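Here are a few exercises to work through with the model open beside you. Try each task before you read its solution.

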Amino acid sequence: MANSKKKGQKGNLSIHTENIFPIIKKWLYSEHDIFLRELIANAIDALNKRKAIDPDVQEENLKVEIKIDKDNNTIQVNDTGIGMTSEEVEKYINQIAFSGAEDFVEKFKDKQSTIIGHFGLGFYSSFMVAEKVTINTKSWQKDSEPAFWECDGSTEYSLNKGDREAVGTTITLHINEDNKEYLETNKLKEIIEKFCNFMPYPIELDRDVSFEENRLEEDKKEDKITEEEYNQKKAKLKVVNQTFALWNKKPSEVTDEEYKEFYKELFHDYQDPLFWIHLNVDYPFNLKGILYFPKIKNELDMHRGKVHLYCNNVFVAENLKDFIPEFLTLLRGGIDIPDIPLNVSRSFLQQDKQVNKITKYIIKKVADQLKSLFKDDREKFAELWEDIQQFIKFGILTNEDFFDAVKDIIIFKSSTGKWVTLEEYKENNPAPEKEKSEDEKDDAEKMPDPYKVYYSQGEDSQLSYQKLMIDQGFEILFSNSPLDSHLFQQLELKNPGTMFVRIDSEVNDNLVDTENAEVVDADNKTESEKIIEVFKESLDNSALTIEAKMLKSDSVAAMIVFNEHMRRFQEMNQFMSTGDMGFMNNHTLMLNTGNKSLKKVLQLKALNKDEEVKTLCDFIYKLALIEQKKFTGKELQDFVSVANNVLNII
């Protein structure tokens, strides 16, 4: 179609307000980097259109080229797409409110491939960084003349005959003084990798690749690569994007190695992901994506994950908490949803009903994958637990749907050496039968005693306490996550009658020696009462609660015991704060009257050796403390000094 547009035309842009440019520059987009995404997205549109309707075009000739000219302060975005006639420039550029994509889809709906978005306002994002923009374009239509459009950011433009010979469009941005940073190659490369990594055509950035060329030359000389491989790699040296997102394949078509390689390229991570979930659904919404589980171990690093949101392979945003639950942001990967607008906003995500359905779908797919792994390969699931437990526990605590889906696959390392669920622990440790008194039998409304699940702070901590429990036949679960205090509270809430008790929260009745009754002396006092008096006098600490019981084992002289709920509350506060929340406050010193050291204390007291008694009491107390907290330098110095005095007594 011949171009009949009158040359040398000048005019005013057909817009609804003269303030359109300030709005574009300040409010339409939240960050200036977006301008390059918009221009490249438009270029990809043009390439898609040409591929759809031009039978003569060669696939290898479809690409986007970006050039920087620092001397003239310009950036050029050149494409070999469909191009425009003067009439189309008038229609798609001058009439800003019109959508070129909608018109094209209607005209070529039986041929067209994916159309990314709208040319109109996206093109005008150029004026966020440029003081002047020109368009030099030539349509694919036979005998059409090239067109040249120019605008300095006002509502006036000029439209003349252009000089472009090849089909396509070149947009030139004359960068303003405030945005010279965009004239740096690395800056543009970073933007392209972030926003346009999976565009379906090569995006070339004109840059110095001599170093890479020299390496290829060396590899070819050393026969590390073939001539064909050399030519292929050299041709791609200036290509910045990957051109293909793996989630666009069907899961059955992707190998494990491809999943791993894609992960490493996308996140520049040298470690393999633990495993992944491939999302692929066409109804009731269109969604594709891959979510990877990275290694995070015990560090609850909220920034370790990175879930990118795409629209037809165009980057939109990352880690949108209004789109996916917060716990899923611990993962890495990409989700592509064609129906999400490129300038997606929080208000859109909060109001769109489809988003809620998508969120529930993603939660279900993640939960199903975890349950499948638990069921099909319990051993592998246990091996991965250290790396994935933070993600699962965080999800359980913050999302009700996720809790309901995975509550039965939460596992704990046990003192038996096995990994067990809460139900398995209960099966292995049935609640002991307790004979009821006559009063209890008559009181039908009396609440039954809670079922106690005993746990330790970790396998390598509180060892004295562990030995006491294990020797009496108790199975202990090991807690090794900063989230466990919150998790136990959640599990207690969801399992009425179940109570998690850390082994230093009480002296279990089953540990107490009830067969050997304590003898009352001439002063009408038991041994327990006497040893408590001695320790209170020697330690002179009115805030310290001291109790005494005869335990079935004499392996420990004393233990530090905390109230479970008070300690848990303090731990939670400490987790949320960097300050000292008084974790060691409100503890009880529990003395084991069956231990020989305590008998020695009473013997010395009977001989009126008060200094030796004070030294031993102080040592026994500090010995109990050292198993519960990390001593400061001063505290450790005091402990060593006391220990040396004890050696003199012995």
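Two strands pair if DSSP finds at least two bridges between them. Helices (H or I, at least four residues) and strands (E, at least two) are DSSP runs, numbered from the N terminus. The model is predicted, so to speak of local features needs pLDDT of at least 70, side-chain atom pairs count only at pLDDT 80 or more, and totals for chains, interfaces and linings use all residues. Residues are numbered from 1 along each chain as its sequence is written, and side-chain values use heavy atoms, with hydrogens and water left out.

**Exercise 1. Find the strands that pair with β21, and say whether β21 is buried or exposed.**

Step 1. Begin with β19 (residues 545-549): 5 bridges join this strand to β21, and the two run parallel. T545 has T588 as its bridge partner in β21.

Step 2. Now take β20 (residues 558-562), which pairs with β21 in the antiparallel sense over 5 bridges. Here V561 has T588 as its bridge partner.

Step 3. Check the cover, where buried means under 20% relative accessible area, exposed over 50%, and partly exposed in between (1.4 Å probe, protein chains only). Strand β21 (residues 587-592) is mostly covered, with 6 of its 6 residues buried. H587, L589 and L591 point one way, T588, M590 and N592 the other way, and all are buried.

**Exercise 2. Work out the strand order of the open sheet that contains β11, and name its edges.**

Step 1. The order of this sheet of 5 strands is β9-β10-β13-β11-β12, with mixed pairing.

Step 2. β9 (275-281) and β12 (314-318) each have a single partner strand, so they stand at the edges and one side of each is left without a neighbour in the sheet.

Step 3. Look inside the sheet: β11 and β13 (residues 332-336) pair in the parallel sense over 5 bridges, and H308 stands opposite G334 in β13.

**Exercise 3. Describe the open sheet that contains β16, and find the helix α17 that packs on it.**

Step 1. This open sheet of 5 strands runs β15-β14-β17-β16-β18, with mixed pairing.

Step 2. Its edges are β15 (419-420) and β18 (498-502), each with a single partner strand, so one side of each lacks a neighbour in the sheet.

Step 3. Strand β16 (residues 451-456) runs parallel to β18, joined by 5 bridges, and Y451 has T498 as its bridge partner in β18.

Step 4. Helix α17 (residues 484-494) packs on the sheet, touching β14 (412-414), β16 and β18. Contact means heavy atoms within 4.5 Å. The direction of α17 makes about 155° with that of β18; axes are lines fitted to C-alpha atoms, for helices over the stretch in contact, and angles run from 0 to 180 degrees between N-to-C directions.

**Exercise 4. Which residues have a positive phi although they are not glycine, and are they buried or exposed?**

Step 1. Recall the background: most residues other than glycine have a negative phi.

Step 2. D540 has a positive phi of about 50°. D540 lies in the loop between α18 (527-539) and β19, and counts as exposed because its relative accessibility is 66%.

Step 3. N608 has a positive phi of about 60°. Its place is the loop between α20 (596-606) and α21 (610-626), and N608 is exposed, with a relative accessible area of 63%.
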